[in-house]
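Open your viewer and get a cartoon view on screen. We will take a short walk, one selection at a time.

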Amino acid sequence: MTQAITLSRHVIEEEHKHQGTTGTLSRLLLQVGFAAKILAREIGRAALVGKLGLIGEKNATGDTQKKLDVYANEVVIEAFAETGLVAGVVSEELERVQEVASGVEAKYILCIDPLDGSSNTDTNGVIGTIFGIYLKEKTPGVSLIDQVLNRGADLVAAGYVMYGTSTLLVYTSGHGVHGFTLDRELGEFLLSHRDLCCPEQGRYYAANLGHYHEWAPGIRKYIDYLEQSDNATCRPYSLRYTGALVADLHRCLVDGGIYFYPQDAAHPDGKLRLVYECAPLAYLVQQAGGYASDGKRRILDLKPDSIHQRSPFVIGSRKDVEMYERFLAGGIA
Ligand code: AFP
């Protein structure tokens, strides 16, 4: 057991590989881990303390809010409030960038979906947290809002937490993707998935087929293609769709495959949020050898116009995403 590598040790050893580091990013990542441990504990007992169900109001971007959405956001904001580690927080649950008083001189900005998959909270399904960390520009006079509207390619770290059969934190700081499983007795995240590499092709696809008839013809043809039998190309693929992006993405990372949420009648610009869902996961999956686009353009190249901007999203094994893009473009009849 003493060979176990804690998140703290791993993050610090990663930091020491680079010159001129101050340790701030390490402390920031560990504070995300601290917030994740609190969320894992509270999610685990939410049904016992009245934390399930709707809060009644909609959040800043018009989504219905669960009690755990609000709670998760509070935990994240409080976890960073006094640390001086971040200058601001962009959260799915907050209308504007939250400036952090203790972080006036901080180098980093945290973008986060505190609770991804909240439609799963009352059915004991998998839920998660998605985070991305940007360096705050040094140019004086640039407002915080203009500093968070960066391309995903400018991220310096990103990751997700899955609150499922185990609590798993997966992160990258630009040098590979690593997964840590929470040992609840120890209260430590321990390295369990060293150097995660996304298979170049999988045999699972994750999508809400309830929107099938609203999707572009090329996407419908792609799904029909996946469902045909052909051993040479590992078809038919199996459908796995959990309702939580982090869980479906994690399967793509471990077993290979593809997740997509195209635009549909209810979501003309797509459902997922570019700044704190698509970009952080695109940055991470690319570090693992996978790929993410909006169906045409690389997610990491997209510069958001607003912090809650939505985007069509396809992510996973590179060959699968490229095949999806060819069908969408009409390149395959
Ligand atoms: P919620 O957090 O509102 O449940 O949305 C989760 C999510 O952003 C993503 O995690 C899922 O893959 C997708 O939306 C589920 O959306 P549908 O319920 O429309 O399939």
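The tour below goes from the ligand to its surroundings and then to an enclosed space. Keep in mind as you click that this is a predicted model.

**Stop 1: the ligand.** Start by selecting the ligand, which sits in the largest pocket. Now show the residues around the ligand: 14 of them surround it, and the closest are Asp116, Tyr241, Leu245, Tyr259 and Tyr261.

**Stop 2: polar contacts.** Show side chains as sticks and pick Tyr241, where a side-chain N or O atom is 2.6 Å from an oxygen atom of the ligand. Next pick Tyr261; a polar atom of its side chain also lies 2.6 Å from a ligand oxygen. Then go to Asn208, whose side chain has an N or O atom 2.9 Å from an oxygen of the ligand. Switch on the surface here: the ligand taken alone exposes 470 Å², and the protein buries 83% of that.

**Stop 3: the shell as a whole.** Colour the surrounding residues by type and you will find six nonpolar, five polar and three charged. Which domains does the shell draw on? Colour residues 7-193 as domain 1 and 204-328 as domain 2, and you can see that each gives at least three residues to the shell.

**Stop 4: the cavity.** Rolling a probe the size of a water molecule over the atoms shows where empty space is left. How many cavities of 30 Å³ or more are there? The count comes to one, and the largest cavity holds about 50 Å³ of space. To find its walls, select the lining residues, among them Val32, Leu39, Phe80, Ile112, Thr129 and Tyr163. Add Ala35, Ala36, Val76, Leu110 and Val161, which line the largest cavity too.

Note on methods
Residues numbered from 1 in each chain as written. Predicted model: local features only at pLDDT ≥ 70, side-chain atom pairs only at ≥ 80, totals over all residues. Heavy atoms only, no water. Near = heavy atom within 4 Å. Polar contact = N/O pair within 3.5 Å; in protein donor to acceptor, adjacent residues only side chain to side chain. Areas by Shrake-Rupley, 256 points an atom, 1.4 Å probe, with all protein chains shown as cover. 1 Å grid on protein atoms, 1.4 Å probe; cavity = no way out; pocket = protein on both sides within 12 Å on 5 of 7 lines; lining within 4 Å. Sits in = over half its atoms within 2 Å of the grid points. Nonpolar A, V, L, I, M, F, W, Y, C, P; charged D, E, K, R; others polar. Domains from an automatic or database assignment. Points joined across faces, edges and corners; volume = space filled by probe spheres on them.
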